Amino acid sequence: MLTAALAAAPLLFAAGCADSTQTTASSKNLAGEKIPAKVDPGTQLTVGGPALKVALELSGQIDKLPFKVKWANISGGPQCSEAFRAGALDACQAAEIPSIHAHWTGLDTKLIAAKYRKDPAKNPIYELGVARGSGIKSLKDLRGKKIAYSPGQAQGALVLRILQKAGLEQQDVELVELASTGDVYPTALGEGQVDAAPLGDVNIKRYLSKYGKDGGRTIPHGLRDDPEHLWALTASVDDPQKAAALRELVKFWGRAQVWIDQHPKEWIAGYYVKDQGLSEADGEYLVKRNGHPDIPADWDGAIKRQQATVDLLAKEQDRKRFKAAALFDRRYEKVAAEAIKEAAK
């Protein structure tokens, strides 16, 4: 099974991203390649998007996809990267960092859809978890502290941005490399292995519930951390029929984000509780934290923010700077937003 074969991927990928090998992807420019107007219904895509699959099932849209799809129970940068390398995946859902590291390790991919949060300051994905007895009350107190760090994941880039905001350098702290999977970070905090770690989603609630009474807490980082993408293998968007199927996938993905936003009760029951095994209270907590989606029809702002991240990582991880625009396949730029507008009519 694909999921089992990639079970160790997060650790392997995080380790692989820590080296300074200067291998880069070709970043083929596909702007001049026309996507066919219609998709052949016999075209098949393998998609890593468990949440998208559930959203399409709950909204009654999954049987309306105009192509064949094989769903892989994987998502996020490390697992998707390994599947891309194995030629076992066409598209998946991930944050901003995986595509950057893929470029630096010779994996040619493109971002084909972008989602953010309408009020990212009030609805951050992460908070900085602080261990009991660490003495950390603000970001400036991180000097000399041990901080959990995952180079190839969004949490790793956030740590570097937090240090930048606090006026600190990597040598001012001790970065402890840990893959941010499951409850690794809250456990490391609770057991005193690290003094601080970025915590996301339900891990925030669980960490405070378990360790809050003993002094464990979280502090806001005050940075924008909300990018989410549909991410595809360049070989797939370079294939005319797969490119057409991916265009349709982006349409369904965009409408699914709106359906999730407009049907919180159904989403909590069908995804968080039934599919993910969380409690209803956890689901309600996550829906509140997520806020509302922002799916732009113009990617200029997205590319500018991605460039700032590329520049920071290049400096801090001894990588070669490149133009972030090469990661975006702008043939898909307006697809999701226009599908949402059309559906609203």
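**Figure 1. Asp318 in the loop between helix H13 and helix H14 of the predicted model.** Asp318 counts as exposed, with a relative accessibility of 53%. This is a predicted model. The loop that holds Asp318 lies between helix H13 (residues 300-316) and H14. Asp318 is not a glycine, yet its phi is positive, at about 55°. Most residues other than glycine have a negative phi.

**Figure 2. Asp201 in the loop between strand S8 and helix H8.** The flanking elements are strand S8 (196-200) and helix H8 (202-211). Asp201 has a positive phi of about 50° and is not a glycine. Its relative accessibility is 34%, so Asp201 counts as partly exposed.

**Figure 3. The open sheet of 6 strands.** Pairing in this sheet is mixed, and the strand order is S2-S1-S3-S10-S4-S11. Strand S2 (68-72) and strand S11 (293-294) form the edges, each pairing on one side only. Helix H3 (residues 50-58) packs on the sheet, where it touches strand S1 (44-48), S2 and strand S3 (91-94). The direction of helix H3 makes about 125° with that of S2. Strands of a sheet pair through backbone hydrogen bonds, in either the parallel or the antiparallel sense.

**Figure 4. Strand S1 and its pairing with S2.** The two strands are joined in the parallel sense by 5 bridges. Within this pair, Thr46 stands opposite Lys70 of S2. Strand S1 is mostly covered, with 4 of its 5 residues buried.

**Figure 5. Strand S4 and the edge strand S11.** Strand S4 (residues 109-117) and S11 run antiparallel and are joined by 2 bridges. Tyr116 has Asp294 of S11 as its bridge partner.

**Figure 6. Surroundings of Lys110 in strand S4.** Lys110 is buried and has no salt bridge. The nearest side chain of opposite charge belongs to Asp108, 4.9 Å away, whereas a salt bridge requires a nitrogen-to-oxygen distance within 4 Å. The side chain of Lys110 instead reaches the backbone oxygen of Ala326, at 2.7 Å. Leaving out residues up to four places away in sequence, Lys110 touches Ser27, Lys28, Leu230, Trp231, Ala232, Thr234, Val237, Ala326, Leu327 and Asp329.

**Figure 7. Ala25 in the loop between helix H2 and strand S1.** Helix H2 spans residues 9-17. Ala25 has a relative accessible area of 8% and is therefore buried. Its contacts, not counting neighbours within four places in sequence, are His103, Gly106, Leu107 and Asp108. The C-alpha atoms of Ala25 and Thr105 are separated by 6.9 Å, although these two residues lie 80 residues apart along the chain. Asp108, a contact of Ala25, is also the residue that supplies the nearest side chain of opposite charge to Lys110.

**Figure 8. Packing of helix H14 against helix H10.** Helix H14 covers residues 335-344, and its buried residues are Val335, Ala336, Ala337 and Ala339. These buried residues pack against helix H10 (240-262). An α-helix has 3.6 residues a turn, so residues three or four places apart point the same way.

Note on methods. Residues numbered from 1 in each chain as written. Predicted model: local features only at pLDDT ≥ 70, side-chain atom pairs only at ≥ 80, totals over all residues. Heavy atoms only, no water. Pairing = 2+ DSSP bridges. Contact = heavy atoms within 4.5 Å. Axes fitted to C-alpha atoms, helices over the stretch in contact; angles between N-to-C directions. Buried < 20%, exposed > 50% of the residue type's maximum accessible area, 1.4 Å probe, protein only. Lys, Arg positive; Asp, Glu negative; His and termini not counted. Polar contact = N/O pair within 3.5 Å; in protein donor to acceptor, adjacent residues only side chain to side chain.
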